[in-house]
Amino acid sequence: NGYKVTDIDISSIRLQGTIPAEPWPYSIGDYDKDGIPDLMVKFKRNDVINLLPNGENITVHVKGTAGLTTFEGIDIIRVIP
């Protein structure tokens, strides 16, 4: 609350604490259709492949900053070869 998606420092975003978000392309839109703008970033595919194991129930962690505040998100995904 109190932050805008444009406050997010893309260069601060890390996947699993190590893989930086690519500076481009990124996009702002309402991807989950909740009326709140979302930031979509991408990570280098080979870096992600080399880090995440294949399988069900793989935990992914994204962390970054918006202004002076740190944010983080955790999700469970399926990684296929």
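How many of the 81 residues of the protein count as buried? The share is 20%. Keep in mind as we go that the model in front of you is predicted.

Let us begin with the whole chain. Along its principal axes, the C-alpha trace spans about 40 × 25 × 20 Å. The accessible surface comes to about 6,000 Å², and carbon and sulfur atoms hold 54% of that area. If you take the contacts with a separation of 6 or more, 44% of them link residues 24 or more positions apart. The secondary structure consists of one helix and six strands. Reading from the N terminus, you will meet these elements as β-β-β-β-α-β-β.

Now to the sheet. Four of the strands make an open sheet in the order 2-1-5-6, and the pairing is antiparallel. Its edges are strand 2 and strand 6 (69–79), each of which pairs on one side only. As a reminder, strands of a sheet pair through backbone hydrogen bonds, either parallel or antiparallel.

We can walk across this sheet from one edge to the other. Starting at strand 2, the neighbour is strand 1, and these two pair in the antiparallel sense over two bridges. One place to look for this pairing is R14, whose bridge partner in strand 2 is P20. Strand 1 and strand 2 also form a hairpin, with three residues between them. Q16 sits in the turn of that hairpin, with a positive phi of about 55°, although Q16 is not a glycine. In terms of elements, Q16 belongs to the loop between strand 1 and strand 2. Is Q16 buried, partly exposed or exposed? Its relative accessible area is 28%, so Q16 is partly exposed.

The next step takes us from strand 1 (residues 8–15) to strand 5 (residues 55–66), which run antiparallel and are joined by four bridges. Here you can pick out I8, which has A66 as its bridge partner in strand 5. Beyond strand 5 comes strand 6, and these two strands pair in the antiparallel sense over 10 bridges. On this ladder, G55 stands opposite V79 in strand 6. Strand 5 and strand 6 form a hairpin too, with two residues between the strands, and there G67 takes a positive phi near 65°. While you are looking along these strands, it helps to recall that in a regular strand the side chains alternate between the two faces of the sheet.

Let us turn next to the loop between strand 2 (19–20) and strand 3 (27–29), where Y26 is found. P25 lies in this loop as well. The peptide bond joining W24 and P25 is cis, with omega about 0°. On the two sides of P25 in the sequence are W24 and Y26, and their rings deserve a look of their own. How many aromatic pairs does a search of the whole structure find? There is one. That pair is formed by W24 and Y26 in an edge-to-face arrangement, 5.5 Å centre to centre and with 85° between the planes.

How open to the surroundings are these two residues? W24 has a relative accessibility of 62%, so it counts as exposed. Y26 has a value of 34%, which means that it counts as partly exposed. Both residues also contribute to a nonpolar surface patch of about 350 Å², made by W24, Y26 and I28. Why can Y26 belong to such a patch while being partly exposed? Patch residues need over 30% relative accessible area, and Y26 has 34%.

One more backbone feature waits further along the chain, in the loop between strand 3 and strand 4 (38–40), where K33 lies. The phi of K33 is near 55°, a positive value in a residue other than glycine. K33 is exposed, because its relative accessible area is 73%.

To gather the threads, you have seen an open antiparallel sheet of four strands in the order 2-1-5-6. You have also seen a cis peptide bond between W24 and P25, and an edge-to-face pair of W24 and Y26.

Note on methods:
Residues numbered from 1 in each chain as written. Predicted model: local features only at pLDDT ≥ 70, side-chain atom pairs only at ≥ 80, totals over all residues. Heavy atoms only, no water. Patch = residues over 30% accessible without salt bridge, like charges linked within 9 Å, V, L, I, M, F, W, Y side chains within 5 Å. Areas by Shrake-Rupley, 256 points an atom, 1.4 Å probe, with all protein chains shown as cover. Salt bridge = Lys/Arg side-chain N within 4 Å of Asp/Glu carboxyl O. Buried < 20%, exposed > 50% of the residue type's maximum accessible area, 1.4 Å probe, protein only. Phe/Tyr/Trp six-rings, centres within 6.5 Å; stacked < 30°, edge-to-face > 60°. Pairing = 2+ DSSP bridges. Contact = heavy atoms within 4.5 Å.
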